[in-house]
Amino acid sequence: MGLRFVVVGTLDAAVRAELEAFGGGSTVIGPVDAAAAARLLLGGSADSLVSSPQWRAHSAAHPFQQMLDAEFARAVRYRHPIALLSIEVDGLAELRASQGGPAAEAYLSRLDAALRRSLREMDVLARLEDDTFGVLLPETGGTGAAHVAERLRALAARVLAKPAEGGERRGIPLKATVSVGLSESPAEGVVTGRDLHARAVAARSRAREGGGDRVVD
């Protein structure tokens, strides 16, 4: 089932066709101005907001981003909270240098499995880049998300402290941690799923710059 998109900005035929094909058939409203788009979203007449100049990059994005956009739109429509965690392994390059590529991948795979086991069925975890994970937390406000983030940070520290099988220095623990960025909605300035993601990534960068092994919102 498709979504109902409200478009801000210019809209050519090719972009309209991509939007209408999204999700197996979607409805496009607009283009309209930002004020009208906000009214349509809040009034339940649209499911998602699209800035059409960015749509081509968006449509080629990781499936996690598309899921985030859809879940964010539902959260806005029904006025429910939603949160996002951006998790990066601290010092992955050093991990590879000391234990080798296969061992580093084993660490990441083990971390992925451990994180998944600790989340609710409704939560969504995806490995977005080589050393980065995204965790989507529907129906979760800032306080609840902070508790989840801290629990995952501590879990990661335990998982990454164990030696990985296949490492060049097998049996020698390597201390590795994660930096976690947290964002939530509703929040001022967060009007799209991309805003939510950008804030989580920025918070993760601050966590890393602060020394890692911490949660920042």
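Contact here means heavy atoms within 4.5 Å. That cut-off decides which elements count as cover for a helix later in this tour. The model is predicted.

**The whole chain**

Start with everything shown as a cartoon. The protein chain has 8 helices and 8 strands. Of its 217 residues, 46% are buried. Switch to a surface view: the accessible surface comes to about 10,500 Å², and carbon and sulfur atoms account for 55% of that. Among contacts between residues at least 6 apart in sequence, 66% join residues at least 24 apart.

**Helix H6**

Select residues 101–118, which form helix H6. Its end C-alpha atoms are 26 Å apart, which agrees with the span that 18 residues should have at 1.5 Å a residue. Now colour the buried residues of H6: Ala103, Ala104, Tyr107, Leu108, Leu111, Asp112, Ala114 and Leu115. What covers them? The cover includes strand S4, helix H5, strand S5 (124–129), strand S6 (132–138), helix H7 (142–160) and strand S7. Show these elements together with H6 and keep S4, H7 and S7 in view, as later stops return to them.

**Helix H4**

Go next to residues 63–78, helix H4. This helix has 16 residues and reaches 23 Å from its first C-alpha to its last, close to the 22 Å expected. Its buried residues are Phe64, Gln65, Leu68, Asp69, Ala70, Phe72, Ala73, Ala75 and Val76. An α-helix has 3.6 residues a turn, so residues three or four places apart point the same way. Step just past the end of H4 to arginine 79, which takes a positive phi of about 55°.

**Aspartate 90**

Select aspartate 90, in the loop between strand S4 (82–89) and helix H5 (92–99). Which side chain of opposite charge is nearest to this buried residue? The nearest is that of arginine 208, 6.5 Å away, and aspartate 90 has no salt bridge. Since a salt bridge requires a side-chain nitrogen of Lys or Arg within 4 Å of a carboxyl oxygen of Asp or Glu, look for other partners instead. The side chain of aspartate 90 makes a polar contact with the side chain of threonine 177 at 2.6 Å. A polar atom of the aspartate 90 side chain also lies 3.3 Å from the backbone nitrogen of valine 178. Setting aside residues up to four places away in sequence, aspartate 90 touches Ala176, Thr177, Val178, Ser179, Arg208, Gly212 and Asp213.

**Arginine 208 and its partner**

Stay with arginine 208 and add glutamate 88. Their side chains meet in a salt bridge, 2.7 Å from N to O. Arginine 208 lies in helix H8 (residues 193–209) and glutamate 88 in strand S4, so this pair ties together parts that are 120 residues apart in sequence. Is each partner buried or exposed? Arginine 208 counts as partly exposed because its relative accessibility is 35%. Glutamate 88, at a relative accessible area of 11%, is buried. Add Arg204 to the selection: Glu88, Arg204 and Arg208 are linked in a network of salt bridges.

**Two more salt bridges**

The count of salt bridges comes to 8. One of them joins the side chains of arginine 120 and aspartate 123, at 2.6 Å from N to O. Here arginine 120 is partly exposed, with a relative accessible area of 38%, and aspartate 123 is buried, with 11%.

For another, return to helix H7, where glutamate 150 forms a salt bridge with arginine 153 and the closest N and O atoms are 2.7 Å apart. Both residues lie in H7, 3 residues apart, about one turn of the helix. Glutamate 150 counts as partly exposed at 36% relative accessibility, whereas arginine 153 counts as buried at 15%.

**Serine 183**

End in strand S7 (residues 178–185), where serine 183 is found. At 4% relative accessibility, this serine counts as buried. What does the side chain of serine 183 reach? It reaches the backbone oxygen of leucine 196, at 2.7 Å. Beyond its neighbours within four places in sequence, serine 183 is in contact with Ile82, Ala83, Leu84, Leu196, Arg199 and Ala200. For a last distance, pick the C-alpha atoms of serine 183 and histidine 197: the two residues are 14 apart in sequence and 7.4 Å apart in space.

Technical notes:
Residues numbered from 1 in each chain as written. Predicted model: local features only at pLDDT ≥ 70, side-chain atom pairs only at ≥ 80, totals over all residues. Heavy atoms only, no water. Helix = DSSP H or I, 4+ residues; strand = E, 2+ residues; numbered from the N terminus. Buried < 20%, exposed > 50% of the residue type's maximum accessible area, 1.4 Å probe, protein only. Areas by Shrake-Rupley, 256 points an atom, 1.4 Å probe, with all protein chains shown as cover. Expected span 1.5 Å × (residues − 1). Polar contact = N/O pair within 3.5 Å; in protein donor to acceptor, adjacent residues only side chain to side chain. Lys, Arg positive; Asp, Glu negative; His and termini not counted.
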